[in-house]
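Let's walk through this one together, starting from a single residue and working outward. Have the viewer open so you can follow along.

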Amino acid sequence: MLPVVALVGRPNVGKSTLFNRLTRTRDALVADFPGLTRDRKYGQANYDGFQFIVIDTGGIHGDEEGIDEEMAKQSLLAVDEADVVLFMVDARDGVTVGDQAIAKHLRKQNKKVYLVCNKIDGIDAHSAMADFYSLSLGELYGIAAAHGRGVEQLLEICFKPIAEEYPDVIVPKDVESEDLEHDEIDYDKLPLKLAIVGRPNVGKSTLINRILGEERVVVYDMPGTTRDSVYIPMQRNEREYVLIDTAGVRRRGRIGEAIEKFSVVKTLQAIEDANVVLIVVDARETISDQDLNLIGFALNAGRSIVIAVNKWDGLQNDHKEEIKRELDRRLGFVDFARLHFISALHGTGVGHLFESVEEAYTSATQRISTSKLTQIMEMAQEEHQPPLVSGRRVKLKYAHAGGYNPPRIIIHGNQVKDLPGAYQRYLINYFRKAMGVMGTPIKVEFREPE
Ligand code: GDP
Ligand code: GDP
C-alpha cells in the first residue's frame, strides 16, 4: 500500500506545478466519473525515493456559494482518502478570504495538514510567509514548486510520522537500477493476485459474483481487509488466487448501486498490489480516456494486464463489428494484451479469462537465460542496426535478465545509453515477439562499461 497525499488550495497557487514535479508524468489519472463534478487528478509519485499516490483536488476558491459550494465540497472529499493534506497558498498573494475559508474547513477535519507557502523564489520569503500564521494551521513550509526548492525537505517532514505505518514509503534510490536477486522466488507457489478494476457500472461486481459462483472455485474465509478493497482468496484449477475486489462485492448489499463508493485511490492501490490486472470496460460505452488512463497506469506500474469487454450479450452483429474497430483503433498501444468479449451477466467467456490471466502471469515471471536473451538481442541487432551516435556505431554486446514481474532485460554495450528512444522501443517489441510474451510490459535497460 502507498500513502496518499492530497493537494488542496485555491486556483493558481501552484498545485498542478507541484503535482507534475512529484509525478513527472503526463499519465495522470483524471477522475471524470459521473457523480464527481470536479476534475481531480491522481498520479503516482516517486520523488527522491518517496513513493506515494498524489491527488490534485482541483481548484477551490473557498468562497463558493450554492451549486459551486456543493462542488467545492465534492472536491474536498478527496481529503477523506488522504493520509496527508498539503494545503497550498501563494506566498505572493498574502492571505485571501478563500484561503481562510479552506483553512476553516481543514481545521474541522481530523487530518494531518501541512501549510505550504509556494512561490517563495525571488521574494523575501520570511516576511511574505509571516502573514499565513494567522490561518492557525501551525508550522509553515516554504517551497518553490516551479524550481523544486524545499520540496524534498517538505516530504521528509510530512512522511516522518507515517513512515511507520508504511514501511516501504522510502525506497533506496538505487534499488530500481540494481540487479535484484529474483531467482530465489518461486512464482508458481505464490498466490496470483488478480485485481479487477474499471469504471463504475462496467460490471465488476457481476463478474466477481460470477467467478465466485463457479462450481470449481473454492472461496476461503475473508482475511483482514486493507483500506477499501476486499481481498478474496480462492482456488481454481489447482492454482491459488487472491481476487482484489475494488467494487466491494462482499460489502454492499445490492449490485448496481454505489457510484458514490467508487474510489480512484482504491483502484490505484489495488493495481499497485496486484500481479495481474483485469481491466473491465463496457462494450456499450465507447472506451474512455479514463479506461486508457487505467491501462496506462497499470503498465507504468509494471503490472500485467488482461482486458475484458463486458456486456457483449444482446448486441447486433454490425454493432459488434463497429465496437471491435473502435477498440482496435484506441487500444493499438497495448496490442500485446489479450482482449476478451464477455458477458458477466450470462457467464459467457468468463472461464477463458483465466487462461489469459495465467498466460500474462507466466509471461511476466518466466525465466530466460542469458544465452537466449543475447541470441535474441543479436538477431534484433542484425535485422536493424543501431544508429550512429556521434559518428560511431553503437554496439550491443550481451543481454541478461535483470528481474521479473515485469521482465527487465539489461543490455550491455558501448554508448548504449545514447541510443534513441525509438531504438529502445524497437528492442522491446522484438524481445516481446521473440519471447512470445503476452500481457506484460517489458523493460529494456542499458549498461555501459564503467
Ligand atoms: P494551480 O491552479 O494551483 O494548479 O496552479 P498552477 O500549478 O497551474 O500554477 C499557477 C501559476 O503559478 C503558473 O503560472 C505557474 O507557472 C506559477 N507557479 C507555480 N509554482 C511557482 C513557483 O514556485 N514560483 C513561481 N514564481 N511561480 C510558480
Ligand atoms: P460495477 O459498478 O462495475 O461493479 O458494475 P455492476 O456489476 O454493479 O453492474 C452494473 C450494471 O450492469 C448492473 O445493472 C448489471 O446488471 C449490469 N451488467 C453487468 N454485467 C453485465 C453484462 O454482462 N451484460 C449486461 N447486459 N449487463 C450487465
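Start with P420, which counts as exposed because just 12 C-beta neighbours fall inside 10 Å, and a residue with 12 or fewer is put in that class. Keep in mind that you're looking at a predicted model. If you want to find P420 by eye, look in the loop that runs between strand 18 (408-414) and helix 12 (421-435). For a sense of distance, take H400, 20 residues away from P420 along the chain: the C-alpha atoms of the two are separated by 20 Å.

Now zoom out. The protein chain has 450 residues, and 38% of them count as buried. Its secondary structure comes to 12 helices and 19 strands. Among contacts with a separation of 6 or more, 71% are between residues 24 or more positions apart.

The domain assignment splits the chain into domain 1 (4-164), domain 2 (192-365) and domain 3 (370-447). Where do domains 2 and 3 meet? On one side, 15 residues of domain 2 are in contact with 10 residues of domain 3. Strand 13 (304-310) and helix 10 (350-365) each supply at least two residues of the domain 2 side, and helix 10 gives the most, with 6 residues. By class, that side of domain 2 has 7 nonpolar, 6 polar and 2 charged residues.

What about the interior? The largest nonpolar core has 92 residues, and L194, L278 and I279 are the ones with the most contacts inside it. Domain 1 and domain 2 both give residues to this core, so it lies between them. To see how I279 fits in, skip its neighbours within four places in sequence: I279 is then in contact with V197, G198, L294, I295, A298, I305 and I307. There's also a second, separate core of 14 residues, with A380, I409, I411 and Y423 among them.

Last stop: the ligand. Which residues come nearest to ligand 1? There are 16 residues around ligand 1, and of these G14, K15, S16, T17 and A146 come nearest. Helix 1 (residues 15-23) gives the most to this shell, with 3 residues. Sorted by class, the shell around ligand 1 has 8 polar, 5 nonpolar and 3 charged residues.

Note on methods: Residues numbered from 1 in each chain as written. Chains lettered and ligands numbered in written order. Predicted model: local features only at pLDDT ≥ 70, side-chain atom pairs only at ≥ 80, totals over all residues. Near = placed C-beta within 6 Å. Helix = DSSP H or I, 4+ residues; strand = E, 2+ residues; numbered from the N terminus. Nonpolar A, V, L, I, M, F, W, Y, C, P; charged D, E, K, R; others polar. Buried ≥ 20, exposed ≤ 12 C-beta atoms within 10 Å, placed from the backbone. Contact = placed C-beta atoms within 7 Å. Core = buried A, V, L, I, M, F, W, Y, C linked by C-beta atoms within 7 Å. Domains from an automatic or database assignment.
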